[in-house]
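Here is a briefing on one protein chain. Please look over the sequence and the fold before reading on.

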Amino acid sequence: ALVGCQSWEVQTIAYMAGVDKVDGILMDIGVSSKQLDDPERGFSYRYDVKLDMRMNTEQKISAYDVVNTYTEEQLSKIIFEYGEERHARKIAKLIVEERKSSPIEKTSDLITLIKRAYPERASKHPAKKTFQAIRIEVNRELEVLENAISKAAELLKVGGRLAIITFHSLEDRIVKNKFKDLATACKCPKDIPICVCGGVKKFEIITKKPIIPIDNELKNNNRAHSSKLRILERILD
């Protein structure tokens with residue numbers, strides 16, 4: 001049977017379905033095109049709407065809360081680390097200065113501030129990296145991803161495969177490192193010269209390098225240009 005769910009729900013869904021082990025799991029990480037194209041969700045800088053960016057609309061913290069309550073240091077850190085934005089400090093400073101007079105409520109308000117931080121004409125939209133960073137923070141995407149990989153790997157039967165599609169370098173790095181950890185037999189600390197844990201290798205990395213989209217795929221779906229696919233297989237229970 002084919003079952004769709006959020007990545008963090010994988011063990012719960014399997015339990016509810018009465019399934020102990022599965023043949024395969026595919027994870028498509030990040031925000032969906034449907035969410036991006038929904039103006040009311042506030043994921044995209046293309047629409048002038050209230051700051052939100054919650055994948056789960058029932059959760060409390062939204063982009064509005066991050067932008068209007070985080071300290072300048074916190075904002076700078078997440079924009080730099082999650083968005084890999086070199087103007088992070090200046091953007092964070094402008095946000096904190098602006099909200100002293102009134103809250104930053106809409107996507108257009110935030111975009112205006114971000115553009116002020118860019119001294120040069122940008123080849124890509126100046127807000128892209130900051131919006132990505134805030135979205136990741138709101139939804140705890142990287143933390144959720146790492147936990148989801150561990151849970152998904154536990155569900156695989158021998159010969160079962162876990163395939164994960166990511167769309168930016170931070171996600172891909174987590175998948176790469178987590179797969180490497182799972183495919184390593186010895187779990188001893190690095191400062192111990194010989195293995196004493198008696199670990200056994202249970203997983204094999206199928207994709208030594210990530211699979212990337214070919215030209216025909218990109219013609220049909222331009223949003224796939226940054227996607228990478230990595231695959232892990234269970235070889236022992």
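In this predicted model, the cover over the buried residues of helix H7 includes H3, helix H4 (72–83), H5, H6, helix H8 (141–155) and H9. H7 itself is mostly covered, with 10 of its 12 residues buried. The points below start with this helix, then take up the cores, the whole chain, the salt bridges and a surface patch.

**Helix H7**

- Helix H7 runs over residues 128–139.
- From first C-alpha to last, H7 reaches 17 Å, close to the 16 Å expected at 1.5 Å a residue.
- Which residues of H7 are buried? They are Thr130, Phe131, Gln132, Ala133, Ile134, Arg135, Ile136, Glu137, Val138 and Asn139.
- These residues count as buried because each has under 20% relative accessible area.
- Arg140 comes just after H7 and takes a positive phi of about 50°.

**Nonpolar cores**

- The largest nonpolar core has 29 residues.
- Which of its residues touch the most other members? They are Ile95, Leu110 and Ile134.
- Ile134 is also one of the buried residues of H7.
- At least two residues of this core come from each of H3, H4, H5, H6 and H7.
- H5 gives the largest share, 6 residues.
- Ile95 touches Val67, Leu75, Ile79, Ile104, Leu110 and Leu113, leaving out residues up to four places away in sequence.
- Another core, of 26 residues, lies apart from this one. Its members include Leu155, Leu162, Ile174 and Phe203.

**The chain as a whole**

- The chain has 10 helices and 4 strands.
- Along the sequence, the order is α-β-α-α-α-α-α-α-α-β-α-β-α-β.
- The C-alpha trace spans about 60 × 45 × 40 Å along its principal axes.
- Of the 237 residues in the chain, 40% are buried.
- Among contacts with a separation of 6 or more, 67% are between residues 24 or more positions apart.
- The chain exposes about 14400 Å². Carbon and sulfur atoms supply 51% of that area.

**Salt bridges**

- How many salt bridges does the structure hold? The count is 13.
- Side chains of opposite charge can pair when their charged atoms come close.
- Asp23 and Lys157 meet in a salt bridge through their side chains, at 3.3 Å from N to O. This pair links distant parts of the chain: Asp23 is in strand S1 (residues 22–28), Lys157 is in strand S2 (residues 156–166), and they are 134 residues apart.
- Is Asp23 buried or exposed? Asp23 is exposed, at 56% relative accessible area. Lys157 is partly exposed, at 32%.
- The side chains of Lys106 and Asp48 also meet in a salt bridge, at 3.6 Å from N to O. This pair, too, links distant parts of the chain, 58 residues apart.
- Lys106 sits in the loop between helix H5 (88–99) and helix H6 (107–117). Asp48 sits in the loop between helix H2 (33–36) and helix H3 (63–69).
- Lys106 is partly exposed, with 34% relative accessibility. Asp48 is partly exposed as well, with a relative accessible area of 45%.
- Lys187 pairs with Asp181 in a salt bridge, where the closest N and O atoms are 4.0 Å apart. Lys187 counts as partly exposed at 47% relative accessibility, and Asp181 is partly exposed at 39%.
- Asp172, Lys228 and Arg230 are joined into one network by salt bridges that share partners.

**Nonpolar surface patch**

- Ile192, Ile194 and Val196 make a nonpolar surface patch of about 290 Å².
- Where does Ile192 lie? Ile192 is in the loop between helix H9 (169–182) and strand S3 (203–205).
- Why can Ile192 belong to a patch? Patch residues need over 30% relative accessible area, and Ile192 is partly exposed, with 32%.

How values were computed
Residues numbered from 1 in each chain as written. Predicted model: local features only at pLDDT ≥ 70, side-chain atom pairs only at ≥ 80, totals over all residues. Heavy atoms only, no water. Buried < 20%, exposed > 50% of the residue type's maximum accessible area, 1.4 Å probe, protein only. Patch = residues over 30% accessible without salt bridge, like charges linked within 9 Å, V, L, I, M, F, W, Y side chains within 5 Å. Areas by Shrake-Rupley, 256 points an atom, 1.4 Å probe, with all protein chains shown as cover. Expected span 1.5 Å × (residues − 1). Contact = heavy atoms within 4.5 Å. Core = buried A, V, L, I, M, F, W, Y, C linked by side-chain atoms within 4.5 Å.
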